[in-house]
Amino acid sequence: MTLPSKESKKEFVQEKFSSVTARYDFLNSLLSLGIDRLWRFKTVRSLNGVSGTILDVCAGTLPLSKEVFRQTGCNVVALDFCYDMLAYGAKGLGVQEEGHIHAICADGERLPLCSNTFSGFTVAFGIRNLADLPSGFREMYRVLKPGGKGAILEFSRPSAPIFRDLYRLYLHKVLPRIGGLISGDEEAYRYLAESIQGFHSQNEVCSMLEKAGFTDVTFKPMTFGIVTLYSCKKPDTACS
Ligand SMILES: C[S@@+](CC[C@H](N)C(=O)[O-])C[C@H]1O[C@@H](n2cnc3c(N)ncnc32)[C@H](O)[C@@H]1O
């Protein structure tokens, strides 16, 4: 498949996540052999000692929002523009989580939130789906308090020659079939494969973060480079 154009991407992404909502969490665990939990655990852990309110952008069915609350006890604002994903996740919240995780249906590239509000932000498997990534980063920067930290988890491409080829085979041949069979929407999982293959390199993501104003930008590949964890900070001296 060819990836959707920038103009049609939002509508396409919203529709695809809506169509796989009920099977999303199960397929995530199945297709990653359960390692996705460890990746989210490490993402939250990288915020290291953060306290206050955390914004989880592209929160989907809230798996990362729940992990943020579990590890930090912080209040979480969970934002996503796909109502079905958010509503499905909100239904699965426990009593304690309900009082601390607040879902907002909105566009991550135009946050309906005040500047300098959050102590930290997280994004898991979301930045690849944004139609305008620099706008998304500028918005995350704007709503973060000076000194606030960001943790971004995203798929990347392994670099070791043999593993890279095997992974590409898995992405394009195995993943869409299993994903399609279980979710009923093979195109959604073809999009997943193509969007991973076509996404920016780690260095490109880091320079976009720096361009948005973030400092202390680092990245750490995990699980042979299948995913990468990016860390960043809004300078203590920043005024907006
Ligand atoms: C792969 S899911 C990730 C869900 C969750 N963070 C996780 O850890 O599994 C990506 C989510 O990004 C959301 N998304 C994509 N573009 C968005 C945008 N511009 N604004 C808000 N949410 C967006 C989609 O609706 C989808 O729920």
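**View 1. Strand S1 is covered on both faces.** In this predicted model, strand S1 spans residues 54–57. Ile54 and Asp56 lie on one side of the strand, and Leu55 and Val57 lie on the other. All four residues are buried. In a regular strand, side chains alternate between the two faces of the sheet. S1 is joined to S2 by four bridges, and the two strands run parallel. Within this pairing, Asp56 has Ala78 of S2 as its bridge partner.

**View 2. Seven strands make one open sheet.** The strand order is S3-S2-S1-S4-S5-S7-S6, with mixed pairing. S3 and S6 are the edge strands, and each of them pairs on one side only. Direction ignored, neighbouring strands of this sheet are turned by 15° against each other on average.

**View 3. S4 runs parallel to S5.** Strand S4 covers residues 118–124. Six bridges link S4 to S5, and the two strands are parallel. Phe118 stands opposite Leu144 in S5. Helix H2, residues 35–45, lies across S4, S5, S6 and S7. H2 runs at about 160° to S5.

**View 4. S7 pairs with S5 and with S6.** Is strand S7 largely enclosed or not? Six of its seven residues, in the stretch 227–233, are buried, so S7 is largely enclosed by the rest of the structure. S5, residues 144–155, pairs with S7 in the antiparallel sense over seven bridges. One pair to pick out is Lys149 with its bridge partner in S7, Lys233. S6, residues 215–222, also pairs with S7 in the antiparallel sense, here over six bridges. In that pairing, Met222 has Val227 of S7 as its bridge partner.

**View 5. A hairpin joins S6 and S7.** Four residues lie between the two strands of this hairpin. Thr223 is in the turn. The phi angle of Thr223 is positive, at about 50°.

**View 6. Helix H4 packs on the sheet and on H1.** H4 consists of residues 83–91. Its buried residues are Asp84, Met85, Leu86 and Gly89. These buried residues pack against H1, strand S2 (76–80) and strand S3 (101–105). H4 lies across S2 and S3, and runs at about 160° to S3.

**View 7. Phe81 sits in the loop before H4.** The loop that holds Phe81 lies between S2 and H4. Is Phe81 buried or partly exposed? Phe81 has 19 other C-beta atoms within 10 Å, and 20 would be needed to count as buried. Phe81 is therefore partly exposed. Not counting residues up to four places away in sequence, Phe81 touches Gln14, Cys105, Ala106, Asp107 and Gly108. Phe81 and Gly148 are 67 residues apart along the chain, and their C-alpha atoms are separated by 24 Å.

**View 8. Gly92 follows H4 in an exposed loop position.** Gly92 lies in the loop between H4 and helix H5 (95–98). Why does Gly92 count as exposed? Gly92 has 12 C-beta neighbours inside 10 Å, and the exposed class takes residues with 12 or fewer. Gly92 is 91 residues from Met1 in sequence. Their C-alpha atoms are 33 Å apart in space.

**View 9. Helix H8 has the expected span.** H8 has twelve residues, 186–197. At 1.5 Å a residue, H8 should span 16 Å, and the 17 Å between its end C-alpha atoms agrees with that. The buried residues of H8 are Ala188, Tyr189, Arg190, Tyr191, Leu192, Ala193 and Ile196. H1, S5 and helix H7 (161–183) are among the elements that cover them.

**View 10. A shell of residues surrounds the ligand.** How many residues surround the ligand? The shell has 22, and the closest are Cys58, Gly60, Cys82, Gly108 and Ala124. Two elements give two or more residues to the shell: helix H1 (6–31) and helix H3 (63–72). H1 gives the most, with five residues. By class, the shell holds twelve nonpolar, six polar and four charged residues.

Notes:
Residues are numbered from 1 along each chain as its sequence is written. This is a predicted model: local features need pLDDT of at least 70, side-chain atom pairs count only at pLDDT 80 or more; totals for chains, interfaces and linings use all residues. A residue is near a molecule or strand if its C-beta atom, placed from the backbone, lies within 6 Å of it. Ala, Val, Leu, Ile, Met, Phe, Trp, Tyr, Cys and Pro count as nonpolar, Asp, Glu, Lys and Arg as charged, and the others, Gly among them, as polar. Two strands pair if DSSP finds at least two bridges between them. Two residues are in contact if their C-beta atoms, placed from the backbone, lie within 7 Å. The expected span of a helix is 1.5 Å times one less than its number of residues. Axes are lines fitted to C-alpha atoms, for helices over the stretch in contact, and angles run from 0 to 180 degrees between N-to-C directions.
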